[in-house]
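Thank you for making time this morning. I would like to walk you through one structure, going from the contact between its chains to the domains and then to the interior.

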Amino acid sequence: MELKETKRGSFSLKKINLRDYMMVFALLAIWLVFSILSKGSFTGPRNMSNLFRQATFVGILAIGMINVIILGGIDLSVGSLAALCGGVLAVLNVRLEWSIWLSVLGCVLTGVLLGLWNGWWTAYRRVPAFIVTLAGLLVYRAVLLGLISGVTVVALDEAFVYGVAVYTLPKAWGLILGGILSVVILFFQWRGRARKKVYNLEVSPFVIELLKSIAVVAITALFVFWMNEYKGIHASMFIVMVLFIVVSFIMNKTVFGRHIYAIGGNMKASRLAGINIKRTTLLVFALNGFICAVAGIFLTSRLDSASALAATSAELSAIAACVIGGTSLMGGIGKLPGALIGALVMASIENGMSLLQYPVFYHNIVQGLVLLLAVWFDVSKKSEE
Amino acid sequence: MSIVLEAKNIVKDFPGVRALDNVSFQLKTRQIHALCGENGAGKSTLINILGGVYPHASYEGELIMDGKEIILKKINDSEHLGIAVIHQELSLFKELSVTENLFMGHEIHKNGVLDWDAMYSQANEWIQKLKLDDVTPKSRVGDLGVGKQQLIEIARALRLTDVRALILDEPTASLTEKETLILIEILFQLKEEGTSIIYVSHKLDEVMRIADSVTILRDGASVGYSEISDITEQDIIRMMVGREISEMYPERDSVRTDEKILEVNNFNVYEHFTDKVIVEDASFDFKRGEILGLFGLVGAGRTELISSVFGDPTFRYEGEVIVEGEKKNIKSPYESMNMGITYCTENRKESGIIPTMDVKENISLAFLEDFKAGLAVDENKEITSANEKVKAMSIKTPSLDTQIINLSGGNQQKVLLARNLIGDVKILILDEPTRGIDIGAKQEIYVIMNELVKSGVSIIMVSSELSEVIGMCDRIVVMHRGKIRAEFDNIDKAITQETIMTSATGMERKD
């Protein structure tokens with residue numbers, strides 16, 4: 001997850017403003033406060049490892065959600081959909097005794113098909129995404145309840161559950177992975193900068209660029225060492241990293257990704273520029289459905305069960321993560337690293353307050369207020385400009 | 001003569017651009033003061049400062065009203081002082097009625113309860129004053145034509161009880177001749193009643209006709225001030241562009257062929273849901289290498305016809321479209337772009353630019369597929385091509401990754417042109433390509449059009465500016481009330497404005 005600290009090389013000095021880094025500072029501030037209050041145990045390797053694991057579920061959902069929001073839509077069904085996908089996985093594997101891989105396939109298919117369903121109604125029947133996915137929120141949850149007949153399904157394939165929910169990478173692997181990651185990021189950063197120079201684009205000063213590189217290496221190293229201090233890098237963190245890299249690539253480097261930003265920025269103009277809005281919308285929802293399935297697999301494995309109440313109101317956490325990370329609900333604006341920071345902020349509050357044994361109702365109060373403050377900060381920054 | 005409103009030594013910076021550099025400006029009592037300048041010269045910026053859109057702290061210099069310094073922190077402040085601004089882009093509530101629009105923010109009420117009768121009767125007076133024949137106080141503003149909306153917008157500003165300084169930004173850009181006359185009449189009447197007016201316009205004949213004095217801006221600086229009686233149109237143009245424009249329309253030898261590249265037969269356009277007929281039984285053909293003009297007054301159905309042929313689903317349409325001899329059923333812009341047809345919108349802000357993206361992304365958007373290498377967009381290629389276009393069209397931008405909203409209107413227009421030309425284009429549809437941009441930028445666009453035709457692109461130009469259509473087009477199709485009324489060959493540029501106007505207004509020809 002340290003990727004979120006590292007900006008793509010293609011950033012101009014003007015864009016490196018406070019707003020981009022504000023939530024990173026906010027996150028560090030939150031960590032500092034909890035660390036002091038807990039006399040250091042919050043930032044200890046064990047708790048940090050737990051914290052990152054807790055952030056993964058909302059993090060995964062945010063990776064899908066952000067595309068829908070940038071497109072100018074919203075998906076309220078992701079909590080129910082992830083739970084339903086997890087339920088399908090459990091029912092296929094446990095009750096119907098399918099092999100785990102066939103069950104995973106069934107689960108992923110469910111996610112993609114229901115994502116397509118959401119997308120079809122939104123794109124081709126022109127029902128607002130809010131309504132389509134609100135219907136989904138109700139329907140998918142009810143289908144899940146019927147599917148498992150109200151009884152929690154337990155005991156999935158042991159090896160699979162171990163692999164997804166418990167397994168940690170050997171420590172040497174973690175180091176190698178961190179090394180590769182740093183090199184790749186630095187490569188893209190400096191190549192991007194060199195390229196900008198060739199084309200006479202604004203580049204940030206060498207020193208700032210160098211500081212960024214150092215920060216990348218330092219944070220990656222710190223993360224790996226910190227995780228290795230406890231049990232090592234967790235499989236779920238690995239899943240998030242892979243999803244992050246793939247979806248980042250889609251968003252920033254592909255025609256499809258550019259079209260998402262364009263449609264969110266100005267739909268009429270995008271249409272006249274020959275962008276197929278319906279197909280793009282359909283695919284964005286399908287991608288989100290796929291990611292919900294991944295989240296569902298992860299959730300069911302972690303709990304080793306599928307229940308009717310799993311992931312209730314997770315869609316709101318995912319939306320909050322995106323928004324805290326600077327994504328605009330008006331569409332057209334948003335960056336993936338920001339959304340993951342947002343997920344970490346939410347998880348840190350939850351984790352820290354549990355650690356300090358505050359009553360549970362405080363968690364949501366603080367999370368709600370942080371969301372409010374983050375958006376207020378964004379809005380006031382913008383109006384200054 | 002006393003001075004009502006004065007701006008002194010104004011300096012205003014935007015990211016990468018100094019929009020106003022030490023500009024001073026005086027508005028005298030009972031005068032119509034014209035403000036001329038090319039796009040990007042700083043006219044809109046100056047107006048926005050006078051209107052309080054840019055708050056006091058965001059620029060240097062001072063504003064003086066009746067000899068006292070005023071500090072405008074928000075738009076309301078200027079309204080309270082009697083400064084009313086009518087912006088180029090309409091800011092009406094399309095879903096609301098004429099009355100609701102007129103009184104928005106200044107409703108007549110008793111203890112919070114609206115007095116509809118009073119408002120309706122006042123609205124009625126305005127409608128009569130503006131000679132808006134078929135409009136009622138309850139008409140939905142979105143149902144009115146652009147010209148009528150513009151007049152409503154003007155009435156809205158005038159309705160303020162004590163307007164001392166009225167600022168109009170390109171008020172006649174979308175008005176018909178008749179509506180323009182009504183507006184001018186109203187302005188003269190206001191002047192008599194003691195209002196001072198700042199009139200921003202590109203139409204110099206209008207400026208010469210109605211203004212008392214003129215200030216000319218160029219590149220953010222004030223380059224000239226004169227009483228209108230001491231200056232000629234040519235002088236103004238020279239000061240605006242800093243060079244002499246001998247010929248407005250560049251010479252070009254026609255490269256028209258006899259091959260029909262596009263044929264449209266019995267084309268009808270309807271409004272969705274209501275099935276109101278917008279274009280009726282339109283047929284025309286279009287030859288390779290030609291610049292075809294599509295002329296009509298506002299509301300004639302030009303844009304609706306051509307954008308429907310292009311596949312824009314805003315309206316329902318049916319009819320035969322033949323592209324390069326093959327019958328096509330175009331259902332979306334995507335399909336026509338695959339055939340090499342692109343469309344440059346008349347409405348930059350609403351359906352042209354992507355405000356959240358930078359210049360490069362705005363340019364490459366329509367033909368992004370062309371820059372694909374494997375799965376990803378090859379940014380190398382993208383930047384190179386965008387750069388070429390920026391240079392070829394001399395788009396003024398600090399860099400390729402400047403946000404497009406920081407560019408002036410004329411340069412945004414050129415970005416849109418670049419977007420529609422960066423791929424393999426056979427037919428380019430330009431809808432009002434020079435609306436609201438200055439003479440210099442206009443000429444640049446004409447030159448670009450001529451070069452395009454030479455390089456093998458055929459152009460359809462939709463326009464409501466007569467001289468432009470006659471100066472640029474090989475052939476002119478004239479529309480009136482949704483029907484094609486006439487077609488003129490203009491290869492020797494010998495058509496008179498009167499001939500075309502006669503068809504466009506639906507009058508019988510006398511000969």
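Let me begin with a term: two residues are in contact if their C-beta atoms, placed from the backbone, lie within 7 Å. What we have here is a predicted model, in which local features need pLDDT of at least 70 and side-chain atom pairs count only at pLDDT 80 or more, while totals for chains, interfaces and linings use all residues. Residues are numbered from 1 along each chain as its sequence is written, and chains are lettered from A and ligands numbered from 1 in the order in which they are written.

How many residues does each chain bring to the contact? Chain A gives 23 residues and chain B gives 31. On the side of chain A that touches chain B, the largest share, five residues, comes from α10(A), where helices are DSSP runs of H or I with at least four residues, strands are runs of E with at least two, and both are numbered from the N terminus. That side of chain A divides into nine nonpolar, seven polar and seven charged residues, counting Ala, Val, Leu, Ile, Met, Phe, Trp, Tyr, Cys and Pro as nonpolar, Asp, Glu, Lys and Arg as charged, and the others, Gly among them, as polar.

Turning to the domains, whose bounds come from an automatic or database domain assignment, chain A is split into domain 1 (18–167 + 234–384) and domain 2 (168–232). The C-alpha centres of these two domains of chain A lie 25 Å apart, and eight residues of domain 1 are in contact with seven of domain 2. On the domain 1 side, α2(A) gives the most, with four residues.

Chain B, for its part, is assigned domain 1 (3–241), domain 2 (247–336 + 427–434 + 458–511) and domain 3 (341–424), and it has 17 helices and 24 strands.

Finally, the interior. A nonpolar core is a set of buried Ala, Val, Leu, Ile, Met, Phe, Trp, Tyr and Cys residues joined through C-beta atoms within 7 Å, and buried means that 20 or more other C-beta atoms lie within 10 Å of a residue's own. The largest such core has 186 residues, and A:V58 is among those with the most contacts inside it. Helix α12 of chain A (residues 277–303) supplies the largest share of this core, 15 residues. A second, separate core has 63 residues, including B:W126 and B:I216.

Key. Buried ≥ 20, exposed ≤ 12 C-beta atoms within 10 Å, placed from the backbone.
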